[in-house]
Amino acid sequence: MNSSIRLRRGLIWSACIAALLALPAVIAVLAAAALDAGYLHEFLVKFIAAKLERQVHVAGTLRLNLLSRNPRLIAEDVSIGSPPWTPAGVAVKADKISVEFATPHLGRELIVNELTIEHATLHLFRDIAGHANWQAGNPDNSSPHSLPFIRSLSMRDAHVLLDDAQKHRQFDGTVSAYEAKGTAAEQPFRIQGKGKLNGRPVSFEATGESLRTASRDKRYAFSFSERSSGAHLAANGFLRRGFDLRRYDATFDVDGADLKDMYYLTGTGLIDTGSFHLSGKLVRQGHSSSFSDLLVKSGQSDMRGSVTIEGIGAQINVEADLNSQYLRLADLGARAAGRDSGNAALLMPDAKPDPSVLRRGRTAMKYSARRVEAGRVALNSVTIKFMNDRGEVEVAPITAQVMDGRLNADLKIDVRKEIPAVHLQAGIAQMQLSQYTPKKGGPSPMEGPLDVRAELTGRGKSVHEFAESVDGTVTASMSAGMVRESLAELTGIDLRGLGLLLAKNKKEVPVRCGVASFQAHDGTLSAKNLVLDTDPVLIAGQGFVRMDTETLDLVLRGYPKSVRFLQVRAPIAIRGTLKAPSIGIQAHDSKLVLVDPGKAKDADCGALLP
């Protein structure tokens, strides 16, 4: 009897325990049945919103089929808001969203068999610190999430509005994502778009392997093509793990009419060029992008090397190692691109790069070139080291060989100020004037070593703005050399000298010493000492150079050291601009002297030279 009672009690307790254990499953089944029947929809929407960390509103019909091998959810007239780490607003609005899930398995992540979005508008936003409304989690609190498993995605002609402050991109257009149609069981996945990117027409297409075969455990191959503003970017690569857009490798080729047009494709500000070709490899690892085997060619110029860019929030850190075999400055700038370069009479460029980019991080760059051609002057063995620490820029040292002389320069720019402050120290030692090639060809009119020294300060957002505000000193000097006799005599304008010039006489006379010293103040360079002492003639000058207009106003006079007959005392005027100087006789200040006794004395070279 007692044993029978104990058995019944045991069965009752076992039944109670089994009921308690089965209760969650029973509740889940009952809840699913209630949801399928149209109850608890408001609760479900709030639950999804909490999981997404976004406001979700379903104004139309919400249909569910959860008690199925492949649960399905269909919602009409859906709007999804932006997350709390971005400004409030509607991120996604769609007429209809349909989701079918794979059969749920305990311990396995949720897999979406099919996602269909119809007649959608996407407002995508990212601020300069990297907070985006498409991120699955707050980037300040957690690492970015990988995309969920989606085996099939269909979104046709969605209107996409993108405002990406971090990458400097604004896009307004349509985007479609779908699997290509065909007879094969596994068709490639495609994303196509067209519209305006940063105000310029753009079209792009990405093609990848079938989503049905993608896996977290293997690479996912893709190709990408984009065209905008005359430039074409083509890339091939792979995600290291399926559905993880943070890590990928790719090779790319770009062709275009102007390298600056790459801004419309990449959001990266570059310089103007003529037609160009760019190629290289890209490795993306989280916040870091490493470019290697870079090669860009434009005109006769080339540049190659590697660049690493790391973006964490609003800060962008760059490391670069670049080099050129040959760089011709005529291949760079708006003129090379066939665009309006502003004032064509100016020699100093007036391009104003955005200084805020330098304030947002650190940069360390090394550049070297075997040969740089700047007009008729060539620089060999050029090396430049560029360092930037949030707007404190130092370009030092800058070294090069210039006409067999040695250039050394240091440049400091404080970009932390609204109008950058600039300090330049530069010197060229033993530059051989015989290496200079005149515009019309032939030998140089002078020979000898020239030393140049400049120490300048100024302010401005461009080279021209710096020049028109410059203060400091510029000095050029030579301790010996040779000058064509016709040139020396011409400054005195006697018949012998003029005859030698017309006859193209190559006779040379010694130069004892020479100096051209200028004091710069508020953009005007005033000649403090302008002397060239040759054996037959002492040449002295005065005047100034205005850097705001880049105009010259210099006068040279020749003083013979021996008797001259029929001497025309006429100073030489050097006017025009730095880009197009003109040299002529100042006729109104000339007079004829039958006999010039030639009483000029040798200059005191020891006191004259710095």
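Arg126 sits in strand E5, which covers residues 111-126. The model shown here is a predicted one, and Arg126 is a convenient place to start reading it. Is Arg126 buried or exposed? Its relative accessible area is 16%, and because the limit for a buried residue is under 20%, Arg126 counts as buried. The side chain of Arg126 has a partner: a polar contact of 2.6 Å links it to the side chain of Asp164. Asp164 also appears among the residues that Arg126 touches, when residues up to four places away in sequence are not counted. That list includes His131, Ala132 and Trp134, and also Asp163, Ala165, Gln166 and Lys167.

From a single buried residue we can turn to buried groups. In soluble globular proteins, nonpolar side chains tend to be buried together. In this model the largest nonpolar core has 61 residues. Which of its residues touch the most other members? They are Phe252 and Leu278. Strand E20, residues 392-402, supplies the largest share of this core, with five residues. Apart from this core lies another, made of 40 residues, and Ala49, Val99, Ala158 and Leu239 are among them.

Phe252 deserves a second look. Leaving out residues up to four places away in sequence, Phe252 touches Leu233, Ala234 and Ala235, then Leu278, Ser279, Gly280, Lys281 and Leu282, and finally Phe291 and Leu294. Leu278, named above beside Phe252 for its contacts within the core, is thus also one of the residues that Phe252 touches.

The next feature is a covalent link. How many disulfides does the structure hold? There is one, formed by Cys513 and Cys605, with their sulfur atoms 2.0 Å apart. The link is left-handed, with -75 degrees about the S-S bond. Cys513 belongs to strand E27 (residues 508-521) and Cys605 to helix H8 (residues 605-608), so the disulfide ties together parts that lie 92 residues apart in sequence. Both ends are buried: Cys513 has a relative accessible area of 0%, and Cys605 has one of 15%.

Finally, there is the question of confidence. The protein chain has an average pLDDT of 82, and 82% of the residues score at least 70. Where does pLDDT stay under 50? This is the case over residues 5-36, for which the model has 15 contacts beyond four places in sequence.

Notes: Residues are numbered from 1 along each chain as its sequence is written. This is a predicted model: local features need pLDDT of at least 70, side-chain atom pairs count only at pLDDT 80 or more; totals for chains, interfaces and linings use all residues. Side-chain values use heavy atoms; hydrogens and water are left out. A nonpolar core is a set of buried Ala, Val, Leu, Ile, Met, Phe, Trp, Tyr and Cys residues joined through side-chain atoms within 4.5 Å. Buried means under 20% relative accessible area, exposed over 50%, partly exposed in between (1.4 Å probe, protein chains only). Helices (H or I, at least four residues) and strands (E, at least two) are DSSP runs, numbered from the N terminus. Contact means heavy atoms within 4.5 Å. A polar contact is a pair of N or O atoms within 3.5 Å; within protein, one must be able to donate a hydrogen and the other to accept it, and residues adjacent in sequence count only if both atoms are side-chain atoms. A disulfide is a pair of cysteine sulfur atoms within 2.5 Å. pLDDT is the predictor's confidence in each residue, from 0 to 100.
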